[in-house]
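Biologist: Before we discuss this model, I would like to hear the reasoning behind each label you use. Could you take me through it step by step?

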Amino acid sequence: PNLALDVALWTATSVIAQASHIPGLSVSVNLTPRLFKDDQTTQRLGEFITAHGLDPARLVAEAPSATVFADPDTGVARIKALRELGISVVLDEFGLGAFSIDALVRMEATGVKVAADFTHATIASAQAAQIMRGLTFLASGAGLSLTAAGVDTGAQWLAMNTFRFQHLQGRAVSALVTREGLLARLRASSAPDAAGLSEHVRA
């Protein structure tokens, strides 16, 4: 069990370490359910940030919604601890499974990422579109930023923009890119005709 936690943390911190040397990037890392629930995760992340002189404002932890809401009090406490490090926290796979509105209001998450299943269903079903509208209205009312996962087609891109998502993730935005490819895109974005392009890397 400890090995699984060590590997999960190593994966997250390795991506943070590599991306932190590239100016202008924010870095999102997935916290697995076991990593999120572990008492030592926040302390170990804090030690890593301090040891490497990293700016925590550039980091985003994606917490699994199902795990957060399965034990809301613990979830609220875990997110608060991450926020005290200066890390932003996004609730991943938001909309799948049960969730507590009370806990959503109490926790200090900074955003939600709506599950890809909802993104895909929205353009195929009027009922799904209404559910998406309700989810985004609820999250916005709680002061949370909105990210749509699974935006893989132009139609999905257009649909998600009607719901006022701040961030989109999927193949319609960008295919998987290597570190070298990302650096090349960033160099290109510094040209006068590409000014203002921002990049976001996720693990």
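Modeller: This is a predicted model, and I would begin with two helices in contact, where Asp6, Leu9, Thr13, Ile16 and Ala17 in α1 meet Arg44, Leu45 and Phe48 in α3.

Biologist: Why are α1 and α3 called roughly parallel to each other?

Modeller: The two helices pack at an angle of about 30 degrees, with their axes 11 Å apart. Angles under 35 degrees count as roughly parallel, and α1 and α3 are therefore given that description. As for the handedness, α1 passes α3 in a right-handed crossing.

Biologist: What makes Ala4, in helix α1 (residues 2-19), partly exposed rather than buried or exposed?

Modeller: Its relative accessible area is 39%, and because buried requires a value under 20% and exposed a value over 50%, a residue in between is called partly exposed. The C-alpha atom of Ala4 is separated by 8.6 Å from that of Arg34, which is 30 residues away along the chain.

Biologist: How do you know that Asp39 and Arg78 form a salt bridge?

Modeller: The closest N and O atoms of Asp39 and Arg78 are 2.6 Å apart, and the definition asks for a side-chain nitrogen of Lys or Arg within 4 Å of a carboxyl oxygen of Asp or Glu, so the pair qualifies. This pair links distant parts of the chain, since Asp39 lies in the loop between α2 (33-37) and α3 (41-51) while Arg78 belongs to helix α5 (residues 72-84), 39 residues apart. In general, side chains of opposite charge can pair when their charged atoms come close.

Biologist: Which of the labels buried and exposed applies to Asp39, and which to Arg78?

Modeller: Asp39 has a relative accessible area of 58% and is exposed, because the cut-off for that label is over 50%. Arg78, at 17% relative accessibility, counts as buried, because its label requires a value under 20%.

Biologist: What makes Asp73, Asp102 and Arg106 one network?

Modeller: Arg106 forms a salt bridge with Asp73, the closest N and O atoms being 3.2 Å apart. That pair links distant parts of the chain, with Arg106 in helix α6 (residues 101-106) and Asp73 in helix α5, 33 residues apart. Asp102 forms a salt bridge with Arg106 as well, at 3.0 Å between the closest N and O atoms, and these two residues both lie in helix α6, four residues apart, about one turn of the helix. Salt bridges that share partners join Asp73, Asp102 and Arg106 into one network. Asp73 is exposed at 54%, whereas Arg106 at 38% and Asp102 at 48% are partly exposed. A search of the whole structure finds six salt bridges.

Biologist: How do you know that the buried residues of α9 line one face of the helix?

Modeller: In helix α9 (residues 154-162), Gln156, Ala159 and Met160 are buried. Seen down the axis of α9, its buried residues fall within an arc of 95 degrees, so they line one face of the helix. The face turned away from the buried side of α9 carries the exposed residues Leu158 and Thr162.

Biologist: What do the buried residues of α9 pack against?

Modeller: They pack against α7 (116-122), α8 (126-141), β5 (145-148) and β6 (167-168). Just after α9, Arg164 takes a positive phi of about 60 degrees.

Definitions and conventions. Residues are numbered from 1 along each chain as its sequence is written. This is a predicted model: local features need pLDDT of at least 70, side-chain atom pairs count only at pLDDT 80 or more; totals for chains, interfaces and linings use all residues. Side-chain values use heavy atoms; hydrogens and water are left out. Buried means under 20% relative accessible area, exposed over 50%, partly exposed in between (1.4 Å probe, protein chains only). The arc is that of the directions from the helix axis to the C-beta atoms. Contact means heavy atoms within 4.5 Å. Axes are lines fitted to C-alpha atoms, for helices over the stretch in contact, and angles run from 0 to 180 degrees between N-to-C directions. Angles under 35 degrees count as roughly parallel, over 145 as roughly antiparallel, 65 to 115 as roughly perpendicular and the rest as oblique. A crossing is left-handed if the near helix is turned anticlockwise from the far one by less than a right angle, and right-handed if clockwise.
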